[in-house]
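Trainee: Could you take me slowly through one part of this structure and explain how its residues are placed?

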Amino acid sequence: MKVESDPTFMRILFLAHSFNSLTQRLWAELEGDGHEVTLELDVNDAVTREAVALARQRPWGERALEADFFAWQPALPLDVIYERAFLCALPPAMWPRVAQRWAELLAPGALLAGYFFFDQGEKG
């Protein structure tokens, strides 16, 4: 694990819609590089509990959260938020609230990255 004084160290919130192989690989790679990665899943409560339980079986699983995105507060501001099909899973009327929450969670100059679908169609 990198130390916070290392200029390449990042606190990352990983927002995902599923705990599939891509999610697991990216999380493992980021943790393996020494970053502090927290995973939050946005699916329904039962599926979220199941996915968090699965994640907690992994060596890095203690960083999996079952939390309300709008209420969760990290100990320190985040350096990166990576979203993967999080925003598009929510009604468009909620998008401004999500964007405001991202701004609240990120440190000044931090990064927002991910896959974004901005179409009204089912497939983005």
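Mentor: What follows is a close look at helix 3 and the core beside it. This is a predicted model, in which local features need pLDDT of at least 70 and side-chain atom pairs count only at pLDDT 80 or more, while totals for chains, interfaces and linings use all residues. Residues are numbered from 1 along each chain as its sequence is written, and side-chain values use heavy atoms, with hydrogens and water left out.

In helix 3 (helices are DSSP runs of H or I, at least four residues, and strands are runs of E, at least two, numbered from the N terminus), the residues Trp-95, Val-98, Arg-101, Trp-102 and Leu-105 are buried, where buried means under 20% relative accessible area, exposed over 50% and partly exposed in between, with a 1.4 Å probe and protein chains only. Seen down the axis of helix 3, these buried residues fall within an arc of 120°, so they line one face of the helix; the arc is that of the directions from the helix axis to the C-beta atoms. On the other side of helix 3, Pro-96 and Ala-103 are exposed.

Strand 1, strand 4 and strand 5 (106-115) are among the elements that cover the buried residues of helix 3. Helix 3 also gives four residues, the largest share, to the largest nonpolar core, a nonpolar core being a set of buried Ala, Val, Leu, Ile, Met, Phe, Trp, Tyr and Cys residues joined through side-chain atoms within 4.5 Å. Of the 14 residues in this core, Leu-13, Phe-69, Ile-81 and Trp-102 touch the most other members.

How values were computed:
Contact means heavy atoms within 4.5 Å.
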